[in-house]
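Dear colleague,

Please find below the structure I am handing over to you. A summary of the findings follows it.

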Amino acid sequence: MSSSEISIPPQEEPESLSRAVALVRRELEKAAAAIRATGLPVPEVEGKLLRPIVAYVCVPPAMRSEVDERFWYGALAVQMVHEASLLHDDILDDATERRGASTLCAAQGIGPPLVLGDHYLTAAYVVATKTQSVDFVARFIQAVERTVAGEILQAKTAFSFPAEGVYEEVITGKSGELLGAAASLSAALFGPSEPDESAALGRRVGAFYQRIDDLLDYCTNTDTGKTPLQDYRQGKWTWILGESGIREFGLPERTVLSAIFARVGGQLAPAERAIKQLRESKSELLLDATRLGIEPHLLDRLLEGWIAIATRGVAAQLQAPLESGGNKRSPSDESVVFETARRVGGPDAWRAYFAEHAKTFSMAARLFPAEPARHVHGLYTYCRVTDDLVDDPIDGAPPEVVAPRLSLWRSLSRAAYDGQVTGIPVLDEVMGEASDAEVAWAYPQALLDGVGADLVKSRYEDWVELREYTFGVAGAVGGWMTQLMGLIDTDTLERAHSLGHAMQLTNILRDVGEDLGRDRVYLPRVLLEEHDLSIHDLRLIQGGRVSVPDSYKEAMEVLMARADAYYDHARPGLASLPAFFRRPAAAAAEAYRGIHDEVRRNGYDNLTKRARTSLGRKMILGGYGVARAARGRPHTTAIPGTRVS
């Protein structure tokens with residue numbers, strides 16, 4: 001099969017979480033409009049919409065075509081109960097702000113939000129009946145009652161250390177029950193799983209989310225929309241207090257925060273251990289979701305997003321001054337970040353830095369006019385500094401020390417993007433230019449997340465997991481560069497993402513041996529297993545104890561075929577770019593793709609050899625790429641016996 005026959009159509013890739021969220025929001029707004037037309041009060045469709053999103057995530061992919069207005073009415077009913085509870089919470093907590101705006105309680109007193117919350121609640125029962133499912137309505141009513149019971153139980157146990165199991169009962173009630181009703185909606189309407197089992201999974205997801213929310217209450221440097229330490233001040237016992245050995249209320253807040261975030265004797269802080277527990281819980285949830293026929297990808301992305309928020313909150317707290325809770329930031333943390341960033345110099349030095357570290361890209365970048373080339377040099381330098389902070393720290397620090405530094409780098413990056421002067425040229429210049437060009441912050445964010453993944457993840461299960469990684473470290477950079485050049489249409493951006501995916505897969509192909517030396521394996525487990533290979537086999541090949549087997553060569557061809565498919569998907573986008581951008585992008589893509597042939601020439605030994613393309617070969621390939629991009633012709637190199645699935 002030729003690589004031109006290999007394609008990655010959209011339907012082969014699992015639905016992205018961002019698209020699912022957009023769909024949920026759109027359909028909820030339609031349902032809300034229909035209900036408002038009947039005269040019932042309906043809150044605005046805003047906020048995180050976690051409960052409707054979980055409802056949709058729990059729909060098996062094969063059943064999503066059956067989702068109709070009944071489903072969206074059920075999801076809306078659950079959201080309405082949640083909105084009613086927020087109004088009541090604001091009264092109980094005397095809250096002045098929610099979602100960045102003044103609360104109704106602060107603006108108009110207790111009466112209006114109390115009555116409106118009650119009206120949302122009673123209207124939600126009416127909306128729930130529009131699902132036409134007696135089973136769902138019964139489950140929904142029960143969930144509302146148990147949610148209130150959970151809140152009452154928490155109030156009864158205030159300022160006390162609850163008996164074993166009471167905390168689980170509280171969070172399962174106050175947060176789990178509504179998510180359980182949401183998760184059961186699909187099964188109640190369409191099957192095939194049992195609603196009881198789906199509801200049980202949803203309750204556990206709700207408890208999982210509440211644990212994260214409770215942990216974030218002690219992250220004073222993270223904006224959660226509520227006052228930090230509010231739970232402790234109100235006498236609400238939560239799991240992180242137990243993990244930290246705290247058994248009483250009324251302690252100085254500095255003492256509480258120190259107990260949660262202190263690293264004693266070189267051990268992980270209780271908050272860091274809590275993050276590890278959350279990851280273990282996530283794995284269990286995904287296994288159970290799979291057993292119920294729920295495709296785990298969207299649920300994984302949702303849970304991982306929650307964990308990422310908690311991880312960033314904990315990292316920020318660990319590097320905060322002790323008075324704010326957490327360890328006093330080591331002087332070396334800040335100095336290492338600034339030293340790493342400043343050693344690359346200012347804009348005048350970036351061209352030489354680029355040429356030294358990016359041989360293939362720098363050859364292609366010569367085709368850029370002066371101003372776009374300057375943007376390329378700056379963006380590459382920023383990416384390289386970010387990568388060096390994690391992969392090559394100047395003091396050789398371990399991952400647990402590097403993580404807070406990356407968090408600091410993220411904060412500084414965002415500050416520079418928002419127009420603050422950091423005093424670090426690569427931030428002030430590169431982020432300033434990105435902001436001026438209206439490059440979406442999501443791209444730098446994805447890059448930082450992708451690079452940070454190397455601190456916590458060294459194995460990949462399948463192509464879906466790997467694709468998340470390659471988007472962060474490469475696809476997002478393609479989108480960033482494209483928007484930096486003033487191009488914003490969706491098709492061009494998607495093809496830029498594909499070029500990033502392709503180049504990163506080529507990187508993975510070239511660096512298998514180097515990565516294995518760092519105990520990182522980016523070759524997906526499914527690829528290895530399909531060819532009867534294991535990581536132990538890779539080490540045997542690398543150690544020279546066995547020769548490169550045919551099965552490994554075949555696995556590398558599959559990897560190259562997948563990369564080729566992305567290169568081919570990207571090519572029409574190259575042909576449509578302005579000439580000043582098209583020529584260097586096409587030259588770089590073709591020169592990079594040439595690494596595939598070098599791997600073949602090396603007998604597929606990328607475990608002890610690093611494939612290199614000579615300058616002359618790069619020039620030939622680059623020129624070929626420029627010429628073909630101008631004509632818009634597809635690549636037709638044959639790669640027999642491979643396919644992308």
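The protein chain contains 29 helices and 2 strands. Please note that this is a predicted model. Of the 645 residues in the protein chain, 54% are buried. Among contacts between residues at least 6 apart in sequence, 71% join residues at least 24 apart. The accessible surface comes to about 27,600 Å², and carbon and sulfur atoms account for 52% of that.

Confidence

The average pLDDT of the protein chain is 83, with 84% of the residues scoring at least 70. Two stretches deserve caution. Over residues 1–14 the pLDDT stays under 50, and the model gives this stretch 36 contacts beyond four places in sequence. The pLDDT is also below 50 over residues 613–645, a stretch with 74 contacts in the model beyond near neighbours in sequence. Where pLDDT is low, the predicted coordinates should not be read in detail.

Nonpolar cores

The largest nonpolar core comprises 90 residues, and those with the most contacts inside it include Tyr382, Trp409, Val426 and Trp480. Helix 26 (residues 550–575) supplies the largest share of this core, 11 residues. A second, separate core has 87 residues, among them Trp237, Trp239, Ala274 and Leu318. Returning to the largest core, of which Trp409 is a member, the contacts of Trp409 outside its neighbours within four places in sequence include Val337, Ala341, Tyr382, Leu389, Val426 and Leu448.

Helix 7

Helix 7 covers residues 166–190; at 1.5 Å a residue, its 25 residues should span 36 Å, which agrees with the 34 Å between its end C-alpha atoms. Helix 7 nevertheless bends by about 55° at Gly176. It is mostly covered, with 21 of its 25 residues buried. Gly191 follows helix 7 and has a positive phi, near 70°.

Positive phi outside glycine

Most residues other than glycine have a negative phi. Two residues to inspect in this respect are Phe159, whose phi is positive and near 60°, and Leu229, whose phi is positive and near 65°. Phe159 lies in the loop between helix 6 (134–156) and helix 7, while Leu229 lies in the loop between helix 8 (195–216) and helix 9 (230–233). Are these residues buried or exposed? Phe159 has a relative accessibility of 54% and therefore counts as exposed, the cut-off being over 50%. Leu229 has a relative accessible area of 2%, which is under 20%, so it counts as buried.

With kind regards

Methods. Residues are numbered from 1 along each chain as its sequence is written. This is a predicted model: local features need pLDDT of at least 70, side-chain atom pairs count only at pLDDT 80 or more; totals for chains, interfaces and linings use all residues. Side-chain values use heavy atoms; hydrogens and water are left out. A nonpolar core is a set of buried Ala, Val, Leu, Ile, Met, Phe, Trp, Tyr and Cys residues joined through side-chain atoms within 4.5 Å. Buried means under 20% relative accessible area, exposed over 50%, partly exposed in between (1.4 Å probe, protein chains only). Helices (H or I, at least four residues) and strands (E, at least two) are DSSP runs, numbered from the N terminus. Contact means heavy atoms within 4.5 Å. The expected span of a helix is 1.5 Å times one less than its number of residues. The bend at a residue is the angle between axes fitted to the seven residues ending there and the seven starting there. Accessible areas come from the Shrake-Rupley method with a 1.4 Å probe; for residues, only the protein chains shown count as cover. pLDDT is the predictor's confidence in each residue, from 0 to 100.
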